[in-house]
Amino acid sequence: MKNRYKVIGMCCLIMQLFGLSACIDDTGNYDYMAEDDLLPVTIKPLDESYEAFQGDSLVIIPEFECMDDETRYQYKWYVLQSESRELTVLSEEKDFRKIIPLPQKEYILYFEVKDPELNVYRRATSKLFVTANIQNGWYVLKGIDGMTDFDYMGVDSSRVDNVMKMIVGDARLQGDPLKIMYHPKSYYTESVDEEGNTVILRNQKAIHLISDRDFKTIDAATLQLFKNYEDEFYSFPAGAFPCDINYQKEYLFYLDAGKLYTCYIGGVGKFGMPKNKDAKFDYDLHPQMISNRDMALVFDRKSKTFFKGTHSNEGLSYYRDETGNSLWNSLNAEVVTMLQKSSPEDYSGTGYVILKDYSKSSGTEYALLSMSISTYSTSYPVSAWNTIPQGCYLPYSTVWGAHKNSDCIYFAKGGNVLGVYVNATGLDEREEFFEIRDNDEVADEDGEEIVFIQNIEGRFAGDKEKANYLVVAMNHAKGYKVYFFTIVGKTPEFDIKPKYVLKGEGKAKYVMYYNSSN
């Protein structure tokens, strides 16, 4: 696009009669001068467009013709948002050398040279594309200022904090953070083009974020906003209360206010009606699930029953019991937590359920159920039912994380104490505990609390390839810390000295690794 120039001459009475404005005050002097005599300086064309990363510096050195005296003029660089028409001044220096503080968007960039005595100016325009230097790396979902946001730490050692604030400003997610999830491919969504037509964007990469009150989806490549909460559904759910979300190849599974929703990602990326139970919606699902690429295992707290949910079936399906002859329903038990072990993208899904079992004649006991689910089967999904020994802290924790390969669960025991529960019979001690610290010389921070535990494969700038980490996020009075411990092979063991520690402001809740090559 060619640059356009605005040259506005002296104001006259005739122009004022027609409601026109000018850039020079009318002082009563009607001895008109030629434009070039009035403002001899001319701005040479700027580049057609400029690109800049958020938080990085941009340098533009304008060139002039007939510049008589630089000190005579005032200069201003500013941008105008294409949609809102909001004007933001970036600099009042002749040469532009500034860090770009703008959210990721396309802007019209203006450079103005003004003679303050005559109140006349010349202006040049260009386009400015602001993009986020955010791709491969670690994402820390957090709460800050009563809202949900996330910090980014790249494998190239780059860092961007409060990314959602940069994208949507004050329209960040409301409420406390719950989960951030990368959707690596094949996401479809609606968009409006420059002519105002609704078009379908196909095969996009997306990032889904949920808080306890909000839900947003953003473009993983450009960080543009794809959807707000109300845009995620064909019909917005009553009593909206986000709980959990999982991505499985062709489908999204989402829990909201005790109901299960599914979305086929090849449509327009919207959720339909919730799944029904016995042709009714009278159920209240536990706020977690275990899933594979085509289905989700959920637990109804009203009927005390595990169900299978798929996208193709409008209702929830019952499982058969261990004999295969009867329905497995109406358990005399409550679910404490449900933990995903295998990748949700696998055909067969595995995970754990910690169950508070009231059915024993000896009294209440806790059990660890190893779950194995298959797309085309409603057979008994429990591959192992193990009683948790009395005195173990595992069922009383509030934060857990499953090992991806070994039969063990990591859990928090309050403060900075991390527990490891090995699910194997015959052991004298099932649990082992560790204090989490930066190093042996650093004292505990005030109010430390472990809030997230997960086995994640990823890498940092110092890693030649992806490493297998035990990721532990801890909040304290001044912010958060995320510890990365190297797991030893496929065993429950890990190097107690963290290989990396990330620190930031706010209260962490969830950690994700994103690799754009997936």
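This passage describes the overall make-up of a predicted protein model and the pairing of several of its strands.

The protein chain comprises 518 residues, and 49% of them are buried. Its secondary structure consists of 38 strands and three helices. Contacts in the chain were examined for residues at least 6 apart in sequence; 56% of these contacts join residues at least 24 apart. The exposed area of the chain is about 24700 Å². Carbon and sulfur atoms supply 46% of that area.

Strand E27 spans residues 348–357. This strand is mostly covered, with seven of its ten residues buried. E27 pairs with strand E26, which covers residues 333–340. The two run antiparallel and are joined by seven bridges. Gln340 has Gly351 of E27 as its bridge partner. E27 also pairs with strand E28, residues 365–374. Here the sense is again antiparallel, and the pairing extends over ten bridges. Within this pairing, Ile354 is matched with Leu368 in E28 as its bridge partner.

A further antiparallel pairing involves strands E36 and E37. E36 runs from residue 479 to residue 486, and five bridges join this strand to E37. The bridge partner of Tyr483 in E37 is Val501. Strand E37 itself covers residues 500–504, and its side chains alternate between two faces. Tyr500, Leu502 and Gly504 point to one face and are buried. Val501 and Lys503 point to the other face and are not buried. Val501, the partner of Tyr483, therefore lies on the face of E37 that is not buried by the under 20% cut-off.

Conventions
Residues numbered from 1 in each chain as written. Predicted model: local features only at pLDDT ≥ 70, side-chain atom pairs only at ≥ 80, totals over all residues. Heavy atoms only, no water. Helix = DSSP H or I, 4+ residues; strand = E, 2+ residues; numbered from the N terminus. Buried < 20%, exposed > 50% of the residue type's maximum accessible area, 1.4 Å probe, protein only. Contact = heavy atoms within 4.5 Å. Areas by Shrake-Rupley, 256 points an atom, 1.4 Å probe, with all protein chains shown as cover. Pairing = 2+ DSSP bridges.
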